[in-house]
Amino acid sequence: MIEQSTETVSCSKCGAEFEADILTGIDVALYPELKDFFMQGMVNMFQCPECESFFYYEPTLFAYQDIKEGFLGIVFPLSYEKDADRHIKKFREGITAALNEEGKEYLEPVFLFGYQSLKDFLEFEDKMEIEAEIAEHICKSLGLDSFKIELPFARKHGVQRVIPIQRGLDPNTIYPATLEVYNHNQQLNSYLSLAKAISINKDLPAMLLKVKVRGRH
Ligand SMILES: [Zn+2]
């Protein structure tokens, strides 16, 4: 998916107006190069034909989708943040109607305001993924098991998606296994956070097992 629309944009420096193709939606699972392009701030960056300065054009709605990761980010302009609830409600009404018509499944979006907030979110996700990969190796070397949990749950609770556990899948062993992983590599901050989250919420280990992704990964 690449969605675009032609709009009249005006240069943020000299005010000159010109027509430009605005990207309003991308799927980075289908077009992986677009993710780098986005992270470098190149999406909807234009050069004014009059004064040649570069400027960023903020669309009223930008959909960033990663089907492989089950992620849909809906990015509103930063200025919408003060009226967030109203904009989210309006969006939900529109999309639910459209999707019902097409009979498609509704992927719960993450709502974000401004380009930077999506960039920060994606950087955080990438960091989580790298730490998860390292943790999986540590688990193997320590004779621990690990399991993946559903991404929407991990995102909602801000916890790791790969959870260490001792063999036998006893939820009570998630906490000590997590600490073991962290003590093995104290750069894995997301595992320190996971241990803290468990110590605050005693129900979390059982909840994690409930959202375990089926099958071996
Ligand atoms: Zn200009």
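In what order do the five strands of the open sheet stand? In this predicted model, the order to trace in your viewer is S1-S2-S5-S6-S7, and the pairing is mixed. Select strand S1 (2-10) and strand S7 (110-113), which stand at the edges of the sheet and have a single partner strand each, so that one side of each is left without a neighbour in the sheet. Looking across the sheet, you will find that neighbouring strands are turned against each other by 25° on average, direction ignored.

Next, select S1 together with strand S2 (residues 17-27), since the two pair in the antiparallel sense over nine bridges. To see one of the positions in this pairing, pick Ser5, whose bridge partner in S2 is Ile22.

Now select helix H3, which lies across strand S5 (62-66), strand S6 (71-76) and S7, and which runs at about 130° to S7. H3 has 28 residues and reaches 41 Å from its first C-alpha to its last, close to the 40 Å expected at 1.5 Å a residue. Among the buried residues of H3 are Tyr115, Leu122, Met128 and Glu131. Just after the helix comes Gly143, whose phi is positive, near 75°.

Finally, add helix H5 (residues 174-184) to H3 (residues 115-142): their axes come within 10 Å and cross at roughly 105°, which makes H3 roughly perpendicular to H5. Ala135, Ile138, Cys139 and Leu142 of H3 make the contact with Glu180, Val181 and His184 of H5. Coloured by class, this contact shows five nonpolar residues, one polar and one charged. Of the H3 residues, Ala135, Ile138 and Cys139 are also buried.

Methods: Residues are numbered from 1 along each chain as its sequence is written. This is a predicted model: local features need pLDDT of at least 70, side-chain atom pairs count only at pLDDT 80 or more; totals for chains, interfaces and linings use all residues. Axes are lines fitted to C-alpha atoms, for helices over the stretch in contact, and angles run from 0 to 180 degrees between N-to-C directions. Helices (H or I, at least four residues) and strands (E, at least two) are DSSP runs, numbered from the N terminus. Angles under 35 degrees count as roughly parallel, over 145 as roughly antiparallel, 65 to 115 as roughly perpendicular and the rest as oblique. Two residues are in contact if their C-beta atoms, placed from the backbone, lie within 7 Å. Ala, Val, Leu, Ile, Met, Phe, Trp, Tyr, Cys and Pro count as nonpolar, Asp, Glu, Lys and Arg as charged, and the others, Gly among them, as polar. The expected span of a helix is 1.5 Å times one less than its number of residues. A residue is buried if 20 or more other C-beta atoms lie within 10 Å of its own, exposed if 12 or fewer, and partly exposed in between; C-beta atoms are placed from the backbone. Two strands pair if DSSP finds at least two bridges between them.
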